[in-house]
Amino acid sequence: MSSRNRITPEEALAYHHAPTPGKYDIVASKPMATQRDLSLAYSPGVAVPVEAIADAPETAYDYTTKGNMVAVISNGSAILGLGNLGALAAKPVMEGKAVLFKRFADVNAIDIELDTEDPDEFVKAVSLMGPAFGGINLEDIKAPECFIIESRLKEIMDIPVFHDDQHGTAVICAAGLINALHLTGKKIEDVRIVLNGAGAAGIACIELLKAMGARHDNCIVCDTKGVIWQGRKEGMNQWKSAHAVKTDLRTLEEAMRGADVFLGVSAKGAVTPEMVASMAPDPVIFAMANPDPEITPEEAQAVRSDAIVATGRSDYPNQVNNVLGFPYLFRGALDIHARAINDEMKIACAGALARLARQPVPEEVAMAYGRKLTFGRDYIIPTPFDPRLIHVIPPAVARAGMDTGVARRPIIDMEGYELHLKTRMDPTASILQGIHARARQAQARMIFAEGDDPRVLRAAVAYQRAGLGQALVVGREADVRQKLSAEGMADAVAEIEVVNAANTAHLETYKAFLYRRLQRKGFDRQDVHRLAARDRHVFSALMLAHGHGDGLVTGATRKSAHVLNLLNHVFDLRAEDGAVGITAIVHRGRIIFIGDTLVHEWPDEEDLADIAERGAAVARGLGIEPRVAFLSFSTFGYPVSERAIKMHRAPQVLDARGVDFEYDGEMTVDVALNMEQMAHYPFCRLTGPANVLVVPARHSASISVKLLQEMAGATVIGPILTGVGTPIQICSMGSSANDILNMAVIAACKLGQ
């Protein structure tokens with residue numbers, strides 16, 4: 001694993017343990033508050049859909065969760081790279097797979113661990129679950145039992161059965177190979193392919209490529225005993241035998257000579273530079289062993305600069321990542337109520353992925369990865385966080401399913417289906433992933449001002465270990481060591497840098513700077529010494545002002561107004577200096593920005609226009625096109641009120657400024673967010689629901705944010721300090737370690753600066 005993204009055992013256990021054990025909850029999707037609700041949900045109301053389904057079984061997709069529910073099933077006989085550790089030990093992995101389904105394709109999934117290694121028992125148990133689910137995802141089952149189990153379940157069941165360890169890797173591998181061959185001008189039916197690793201994934205890869213046109217005699221499969229040739233007896237089974245060829249080749253080294261393509265799902269170091277050097281011109285090398293590839297891209301390209309290389313790792317270009325496939329395959333299959341996922345659907349998925357990689361990459365994706373992504377040798381597979389995946393891949397899968405007759409309910413309006421897919425995903429994860437990737441590119445030295453707080457220390461360690469940059473913690477080294485030890489992270493002391501007034505060589509420089517700023521504001525040298533040497537917020541700000549850090553995050557232990565006042569001793573962060581606080585609120589797939597939540601107490605119309613511009617800048621910084629609404633209790637002049645006048649005038653200020661984003665007001669919040677309500681005002685200039693809300697005062701902003709957070713369970717990011725040109729972010733006192741980390745990442749990205 002890359003040292004720039006290290007995860008300790010303590011962190012992994014804490015993640016899975018707190019705040020509640022495990023990785024998902026079950027949440028009701030219907031009202032459950034009144035007796036009438038319960039009567040509809042259960043007895044007597046539930047009898048009606050029961051009878052409907054008994055009369056017409058296909059209506060189960062209409063009245064139950066079946067149509068959007070997948071079972072993730074394992075016996076734990078081949079857990080990741082850990083081997084056969086049993087069904088119970090597999091549960092964390094299966095829970096993880098379940099949440100990936102939800103995260104990437106809004107597919108509900110539940111994990112089931114079966115305590116048996118007998119294929120007959122396994123098949124019997126799973127086959128009896130068919131009525132409950134729309135699809136079955138098999139996971140972490142050792143070969144050859146996985147082949148037997150999947151084959152028999154496909155015969156028995158009338159819903160998709162998909163072993164991701166086999167077919168997930170195969171689909172992404174196929175997508176990458178389509179583009180690699182496109183770049184090298186070769187055809188799949190002509191190339192010589194060498195596969196090393198004849199387990200579940202390897203066999204699935206070669207079978208899918210043959211279904212796409214690769215010739216049997218051109219495909220050499222190797223395992224730990226060498227080439228699988230016709231007549232070999234040792235270490236064989238029926239699945240390997242199906243891919244045996246007539247050949248005199250006996251070793252991987254011999255097979256690699258003159259080969260066009262190498263596919264590796266084997267082990268670290270299985271391929272040598274000499275083997276790569278012996279390959280045909282423009283060799284394609286998919287070294288997919290995890291966590292370390294058969295040969296690294298650096299090693300391969302050192303001997304063959306013309307090589308196209310892919311791995312299974314995220315820290316190299318061209319990552320073969322299963323998450324690009326299985327969520328979207330199931331999304332498309334579920335949406336047509338498919339009886340199976342067939343080869344045509346898998347090939348359609350691979351083709352759609354390949355075509356997507358050739359399209360211009362959206363700016364927000366390029367921003368997230370901190371580099372230009374253009375189709376070519378270092379970009380043949382889309383990135384896992386490309387927001388287009390959800391509305392590009394499932395339609396291709398659905399079409400293939402309909403064309404091949406496995407769809408129970410074909411999609412009639414494909415354009416409407418694609419639009420529906422675009423709107424169903426929660427943007428939170430994509431936004432956070434984007435800013436984390438940009439921060440990783442920036443490699444900022446982040447100052448964490450409150451090194452005496454365990455939450456801050458956990459955030460600082462996470463920042464360092466996630467490869468985001470250097471964490472500079474302001475505190476006493478003994479205190480930091482003691483608190484990290486108490487948190488189970490004693491080894492992290494050597495990783496972070498602890499800074500304070502006693503160990504810096506810059507204190508006199510800091511004091512001289514601060515005295516020049518404050519000497520005419522009632523502060524003498526003794527006051528300045530106390531501030532610089534004893535107040536961690538001021539000391540941290542002085543570090544930043546002198547370039548001894550690249551960003552600052554603070555506020556977790558003191559009220560934001562107090563912290564902001566202290567920081568103003570060093571920087572100009574007042575309303576008159578252009579400072580604005582914008583808070584992002586994410587709830588049920590929607591994101592809105594509310595301002596000002598930090599600086600302006602009672603803004604006038606000019607201030608409100610400033611807030612709107614800063615909110616629009618933050619939205620655009622996160623890849624969202626802003627639509628600004630100035631909120632009030634009145635809408636476009638009614639009811640008339642002195643309190644609403646400034647909200648009415650603020651859009652006129654923006655008119656005069658000639659800004660380049662949508663805005664309108666004044667209006668009530670339901671008009672701003674609900675298009676049905678907005679339709680009553682056809683003259684409204686907004687073309688969709690507002691996503692930047694400018695409220696009359698800081699107290700109303702604070703009330704709105706905290707109400708949404710506490711009553712609706714909304715995710716709150718911020719307030720984001722913007723408009724001051726200085727990468728400082730102020731957390732709220734209730735922030736978790738993860739909240740503090742997110743604010744540090746925002747500072748590193750200089751979002752809104």
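Ile-73 in strand 1 has Ile-112 in strand 2 as its bridge partner. Strand 1 (residues 69–74) and strand 2 (residues 108–113) pair in the parallel sense over 6 bridges; two strands pair if DSSP finds at least two bridges between them. Helices (H or I, at least four residues) and strands (E, at least two) are DSSP runs, numbered from the N terminus. This is a predicted model, where local features need pLDDT of at least 70 and side-chain atom pairs count only at pLDDT 80 or more, while totals for chains, interfaces and linings use all residues. Residues are numbered from 1 along each chain as its sequence is written, and side-chain values use heavy atoms, leaving out hydrogens and water.

**Around strands 1 and 2**
- To get from strand 1 to strand 2, the chain goes through helix 5 (residues 87–105), and this β-α-β crossover is right-handed (with the strands pointing away from the viewer, the path from the first strand over the helix to the second runs clockwise).
- Ile-73 touches a list of residues that includes Ile-112, Leu-114, Phe-122, Met-129 and Ile-136, not counting residues up to four places away in sequence; contact means heavy atoms within 4.5 Å.

**Nonpolar cores**
- Ile-73 and Ile-136 touch the most other members of the largest nonpolar core, which has 99 residues.
- Such a core is a set of buried Ala, Val, Leu, Ile, Met, Phe, Trp, Tyr and Cys residues joined through side-chain atoms within 4.5 Å, where buried means under 20% relative accessible area, exposed over 50% and partly exposed in between (1.4 Å probe, protein chains only).
- Helix 8 (residues 164–184) gives the most to this core, chipping in 9 residues.
- There's also a second, separate core of 65 residues, with Ile-582, Ala-619, Leu-654 and Val-694 among them.
- As background, nonpolar side chains tend to be buried together in soluble globular proteins.

**The six-stranded sheet**
- Here 6 strands form an open sheet with mixed pairing, in the order 18-17-19-16-15-20.
- Strand 18 (662–667) and strand 20 (715–722) sit at the edges with a single partner strand each, so one side of each has no neighbour in the sheet.
- From one strand to the next, the twist averages 20 degrees.
- Strand 15 (residues 580–587) and strand 20 run antiparallel and are joined by 6 bridges; Val-586, for one, has Thr-715 in strand 20 as its bridge partner.
- Helix 30 (residues 698–712) packs on the sheet, touching strand 15, strand 16 (590–595) and strand 20, and its direction makes about 150 degrees with that of strand 16.
- Axes here are lines fitted to C-alpha atoms, for helices over the stretch in contact, and angles run from 0 to 180 degrees between N-to-C directions.
- Helix 27 (residues 645–657) lies across strand 17 (627–631), strand 18 and strand 19 (692–694), running at about 160 degrees to strand 18.

**Backbone oddities**
- Asn-290 and Pro-291 are joined by a cis peptide bond with omega about 0 degrees, and Pro-291 is in the loop between strand 9 (284–287) and helix 13 (297–303).
- Gly-718 to Pro-719 is cis too, with omega near 10 degrees, but this proline is in strand 20.
- Asp-140 isn't a glycine, yet its phi is positive, near 55 degrees; Asp-140 is in the loop between strand 3 (135–138) and helix 7 (145–156) and counts as buried at 3% relative accessibility.
- Phe-636 also has a positive phi, near 50 degrees, and is found in the loop between strand 17 and helix 27; with a relative accessible area of 22%, Phe-636 is partly exposed.
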